[in-house]
Protein chains: 2
Amino acid sequence: MAETRWLDDDEQATWRAYLEGTRLLIHALDRQLETDSGVSFADYELLVLLSEAPGHRLRMRDLADASFTSRSGVTRAVTRLEDAGWVRRVECDDDRRGMHAELTEAGAAKLAEAAPGHVSAVRAHMFDHLSEADRAHIRDAYTRMRAHLLG
Amino acid sequence: MAETRWLDDDEQATWRAYLEGTRLLIHALDRQLETDSGVSFADYELLVLLSEAPGHRLRMRDLADASFTSRSGVTRAVTRLEDAGWVRRVECDDDRRGMHAELTEAGAAKLAEAAPGHVSAVRAHMFDHLSEADRAHIRDAYTRMRAHLLG
DNA sequence: CGGGAATAGTTGACCACGCAACAATGTCGT
DNA sequence: ACGACATTGTTGCGTGGTCAACTATTCCCG
């Protein structure tokens, strides 16, 4: 085991700013969505994923993968969204184990209602503070990190 | 209400890469700490904060602020850490409402044991993928975002 | 084919966290 | 000095999440 290479001051500052900024950002977005539209950030993202899928539907499994959460988490989230009337479960006809989660009209409407405020908040809290160069570096860096972590 | 300015493709890509990369990163760090040292990432951060504080102790309130979590969260986390023997509660002598959370010897030892692996993971999953320029942009951008969100 | 292994989704048990309410204590203006 | 108000830490409650176990179904290889 080699000697540990600790973070220098600059790396420390980067790490802390990133962690704390991210925590504050997510919290702010969550509160904005919750108070303005009655949707949590996590649920909002599920609705977005469904809205982008062909036929506005996704297998439970794919929804779990796409949202980077566990399958049981998706099961419960979809039940929640179903109770709210924003999603319905549809059986697969080619796989009798399978279930689709499908966006309802009400779900699409809720998304349309919530989206503008959310996008504004993302701009106000993040993109408005980024230069073109900042954004390019962040995009490329996190794209690499994501690829590495998925590998 | 003005027309919503949606995210363009580049902003979308940035946002998704950042969100997903962050989620994967935190998850990876959490698992590394949990499996190698039996500490959650959240608890690890509390130990770090205490280790950096004068006298290895912090008021509950300050610990909550520094960790960006709620007070009740800190109360329960400290109870958890106390049960593990890594932290002890010490009454304030200048404020009878007050409580200090103080790092124990065992807590310091646990931190010393966990830190190298954690730092290695942070390097492997994040800093190794960042150029000097990437890091500078991320540091500055998130520092601004954090300041804005704290304002 | 047929049967073991893999996969889909759900559920139960458990844990972590936030909010609101609370008692205890401190602070401050008048 | 005293009463209104603020602050501290804890707790009950509700919510949301993971892991492991389970059933039902599908896959695949001998």
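This short talk covers the surface around DNA strand C and then the sheet of chain B.

Hello everyone. Please keep in mind that this is a predicted model, where local features need pLDDT of at least 70, side-chain atom pairs count only at pLDDT 80 or more, and totals for chains, interfaces and linings use all residues. Residues are numbered from 1 along each chain as its sequence is written, chains are lettered from A and ligands numbered from 1 in the order in which they are written, and side-chain values use heavy atoms, with hydrogens and water left out.

Let's start with the DNA. Around strand C there are 21 residues, where near means a heavy atom within 4 Å. A:Arg61, A:Arg76, A:Arg89, A:Arg97 and B:Ser70 come nearest. Of the strand C atoms within 4 Å of the protein, 64% belong to sugar and phosphate.

Which phosphate contacts can we point to? Polar backbone atoms of A:Met99 sit there, one of them 3.1 Å from a phosphate oxygen of DNA strand C, and a polar side-chain atom of B:Arg80 lies 3.3 Å from a phosphate oxygen of that strand; a polar contact is a pair of N or O atoms within 3.5 Å, where within protein one must be able to donate a hydrogen and the other to accept it, and residues adjacent in sequence count only if both atoms are side-chain atoms.

Now to chain B. Three strands form an open antiparallel sheet in the order 1-3-2; strands are DSSP E runs of at least two residues, numbered from the N terminus, and two pair if DSSP finds at least two bridges between them. Strand 2 and strand 3 of chain B share five bridges, and B:Arg88 stands opposite B:Glu102. Thanks, everyone!

Definitions and conventions. Helix = DSSP H or I, 4+ residues; strand = E, 2+ residues; numbered from the N terminus.
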